[in-house]
Amino acid sequence: MDFGRVRSGLERRGFNVYIASDKEEARTIVMYELLKGVRTLGKGGSNTLKETGIWDELVRKDALEGDDRIELFATTLYKMKGLDPDIALKKGKTADAYICSANAISEDGTIFNIDGIGNRVGSIIYGPDKVIMVVGRNKIYPDAETAWQQLKNVTCVRHAKRNEAGTPCTVLDRCTMCISPKMECKVTSVLSYALPGREYHIVLVDEVLGY
Ligand code: SF4
C-alpha cells in the first residue's frame, strides 16, 4: 500500500509516523525504538497488538526484573494475575506511555476511535504523555465519512457481537443509532491534531490487522 497520502496527512496534524512493511517490523519499531526509556505502560484492548506479537512481548517485559522491566497495566494481564482489572485501567492513565490501535484513520490524517468504557479514548486524549498506536492498512479510509460509516456499521457491530451486547446492530448487522447502556460506542473521538503536551507515534503496518 502507498502510505504517502495518509502519512503526510498525519504529519501535517502533528503526529509522528512510522511505516512498517509487516508485523515483525512493526514489533521491532515499537519494542526497540518507541518503548525506549518507558518503565510503565498503559494498554488499550487491541487485536492488532495480539496479531503483531507486541502483546506477547509486553507480557514478557512485564515479567522481567530490574531496568529492563516495563510494568504493563492491561486488564487481561491483571485478570491472569488474579488482580483487579479496574486498577490496570486507572494506572494506565498515568503511565509513562500508552499503547493501543486506532479504529480508523482517514487519509487526511484524522484519527477515529470508539469506546464503550472510555479508558482508551480518555488515555489517548488526556492520559500518558506518549501515545503509541499500531494500525493495519485495513483501518485507513479515503475520507472521514467512510471512516465514520465503517466505525458504526462494522467496527462497533463486531465489538457488540463479541461482547454479546444485545444491541440492535448485533442482529441487523448495521447501526440503528440505538441508545442503550450496552452501547460499545458510547464515546467516539475524532482526533484532528496532536494535543498539546503529548507526543503521538503512529505505526502504519502494510498488513491487515485487527478490525
Ligand atoms: S449506536 Fe447502537 S446500534 Fe449503533 S453501532 Fe452503537 S451499539 Fe450498535
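**Notebook: strands, a helix, the core and the ligand shell**

I started at a bridge: Lys 43 stands opposite Ile 99 in E4. This is a predicted model, so I kept to the usual limits: local features need pLDDT of at least 70, side-chain atom pairs count only at pLDDT 80 or more, and totals for chains, interfaces and linings use all residues. Numbering runs from 1 along each chain as its sequence is written.

Strands and helices here are DSSP runs numbered from the N terminus (E, at least two residues; H or I, at least four).

**E4 and its partners.** I looked up pairing next, which takes at least two DSSP bridges between two strands. Strand E2 (residues 40-43) pairs with E4 in the parallel sense over three bridges. E4 also runs parallel to strand E7 (residues 130-136), joined by four bridges. There, Tyr 98 has Val 131 of E7 as its bridge partner.

Which residues of E4 are buried on each side? Ala 97 and Ile 99 are on one side, Tyr 98 and Cys 100 on the other, so both faces of E4 (residues 97-100) are covered. Buried means 20 or more other C-beta atoms within 10 Å of the residue's own, exposed means 12 or fewer, and C-beta atoms are placed from the backbone. As a rule, side chains in a regular strand alternate between the two faces of the sheet.

**Helix H4.** I found Ile 54, Trp 55 and Leu 58 buried in H4 (residues 54-63). They share one side of H4 because their arc around the axis is only 100° (taken from the directions from the helix axis to the C-beta atoms). Asp 56, Arg 60 and Ala 63 are exposed on the other side.

**Core.** The largest nonpolar core has 52 residues, and Val 134, Val 135 and Val 203 are among those with the most contacts inside it. Such a core is a set of buried Ala, Val, Leu, Ile, Met, Phe, Trp, Tyr and Cys residues joined through C-beta atoms within 7 Å. I checked Leu 204, in strand E10 (residues 199-205): it counts as buried because it has 22 C-beta neighbours inside 10 Å. Beyond four places in sequence, Leu 204 touches Phe 3, Val 6, Val 17, Ile 19, Ala 20 and Val 135, contact being C-beta atoms, placed from the backbone, within 7 Å.

**Ligand.** Last, I looked at the 14 residues around the ligand, where Cys 156, Thr 167, Cys 169, Cys 175 and Cys 178 come nearest; a residue is near if its C-beta atom, placed from the backbone, lies within 6 Å. Helix H8 (residues 144-162) gives the most to this shell, with four residues.

Note on methods: Two residues are in contact if their C-beta atoms, placed from the backbone, lie within 7 Å.
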